[in-house]
Amino acid sequence: MLPIRLLAISGSLRGESSNGSLLLAARALAPEGIEVVLYLGLGDLPLFNPDLDEDPGPPAVVDLREQLRAADGVIVSSPEYAHGVPGGLKNALDWLVGSGELVDKPVALWNASPTSTYAHAALVEILTVMSARLSPQASIAIPLRRGMSAEEIAEDAEFAEKIRAALAQFARQPKA
């Protein structure tokens, strides 16, 4: 089996984000053959402006697009802000609408709170419109306690099993 590269994007800009910790735990728990690469440039993206969306575009946007092209799939782990998608994450997705990096790209939606149903539904709608290939089987919600570290998440047997199962499910999907 060829190695699978998954780009992991946290929808939160917080340094100690539960969603970021969840993705760090996924990187640590990834089985052989699956590489989880964290995208750290969300806060560097300029506000979407179609007038700036020309070749090559702003450097942070070029970097995001290149990382997505190099990925076999994407994990988006997002909190919910005011019953919606955080602005930074929505901004990143806006930069991708016209360029097509998510077209037919497998995407799993994760979150650190099962009550984040509005953001999850909004992401499903946005990514469907963008022609991403959503993977409900690889999507998970894990009820993390606020402030849990990636190490604590990885050491929790139940959480670790859910994460490994979601990553294994992703590995069974056809590559983009």
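The following dialogue examines how several terms apply to this predicted model.

Visitor: Why is strand β1 called largely enclosed?

Guide: A residue is buried when its relative accessible area is under 20%. In strand β1, residues 4–10, 6 of the 7 residues are buried, so the strand is largely enclosed by the rest of the structure.

Visitor: How do you know that β1 and β2 pair?

Guide: Two strands pair if at least two bridges are found between them. Strand β1 and strand β2 (residues 34–39) have 6 bridges, and therefore they count as paired, in the parallel sense. Ile4 stands opposite Ile34 in β2. From β1 the chain crosses through helix α1 (residues 18–29) to β2, and this β-α-β crossover is right-handed.

Visitor: What makes β1 and β3 a pair?

Guide: The cut-off is again at least two bridges. Here 5 bridges join β1 to β3, so the two strands pair, and they run parallel. Ala8 has Ile75 of β3 as its bridge partner.

Visitor: Why is Ser12 called buried?

Guide: The relative accessible area of Ser12 is 9%. The limit for a buried residue is under 20%, so Ser12 meets it. Ser12 is placed in the loop between β1 and α1.

Visitor: What makes the approach of Ser12 to Arg14 a polar contact?

Guide: A polar atom of the Ser12 side chain lies 3.1 Å from the backbone nitrogen of Arg14. A polar contact requires N or O atoms within 3.5 Å, and the distance of 3.1 Å therefore satisfies that limit.

Visitor: Why does Ala82 count as exposed?

Guide: An exposed residue has over 50% relative accessible area. Ala82 reaches 84%, so it counts as exposed. Ala82 lies in the loop between β3 and α3.

Visitor: What makes the phi of Ala82 worth a remark?

Guide: Most residues other than glycine have a negative phi. The phi of Ala82 is near 50 degrees, a positive value in a residue other than glycine. His83 also has a positive phi, near 65 degrees, and is found in the loop between β3 and α3.

Visitor: What is the form of the peptide bond from Asp55 to Pro56?

Guide: Most peptide bonds are trans. The bond from Asp55 to Pro56 is cis, with omega near 5 degrees. Pro56 lies in the loop between β2 and α2 (59–70).

Visitor: How do you know which classes of residue line the largest cavity?

Guide: The lining consists of Ile9, Leu64, Val74, Val76, Leu89, Ala92, Leu93, Leu96 and Leu102. Ala, Val, Leu and Ile are among the residue types that count as nonpolar, so the lining has 9 nonpolar, no polar and no charged residues. Helix α3 gives the largest share of this lining, 4 residues. The space in the largest cavity is about 60 Å³, and the model has 3 cavities of 30 Å³ or more.

Visitor: Which classes of residue line the largest pocket?

Guide: Its lining divides into 9 nonpolar, 8 polar and 2 charged residues. The largest pocket holds about 290 Å³ of space. Of its 19 lining residues, the closest to the centre are Ser10, Ser12, Arg14, Gly20 and Leu40. Gly counts as polar and Arg as charged under the classes used. Helix α1 contributes the largest share of the lining, 4 residues.

Terms used:
Residues are numbered from 1 along each chain as its sequence is written. This is a predicted model: local features need pLDDT of at least 70, side-chain atom pairs count only at pLDDT 80 or more; totals for chains, interfaces and linings use all residues. Side-chain values use heavy atoms; hydrogens and water are left out. On a 1 Å grid over the protein atoms alone, a cavity is a set of points where a 1.4 Å probe fits but cannot get out, and a pocket is an open set with protein on both sides within 12 Å along at least five of seven lines; lining residues have an atom within 4 Å of a point. Grid points are joined across faces, edges and corners, and a volume is the space filled by probe spheres set on the points. Buried means under 20% relative accessible area, exposed over 50%, partly exposed in between (1.4 Å probe, protein chains only). A crossover is right-handed if, with the strands pointing away from the viewer, the path from the first strand over the helix to the second runs clockwise. A polar contact is a pair of N or O atoms within 3.5 Å; within protein, one must be able to donate a hydrogen and the other to accept it, and residues adjacent in sequence count only if both atoms are side-chain atoms.
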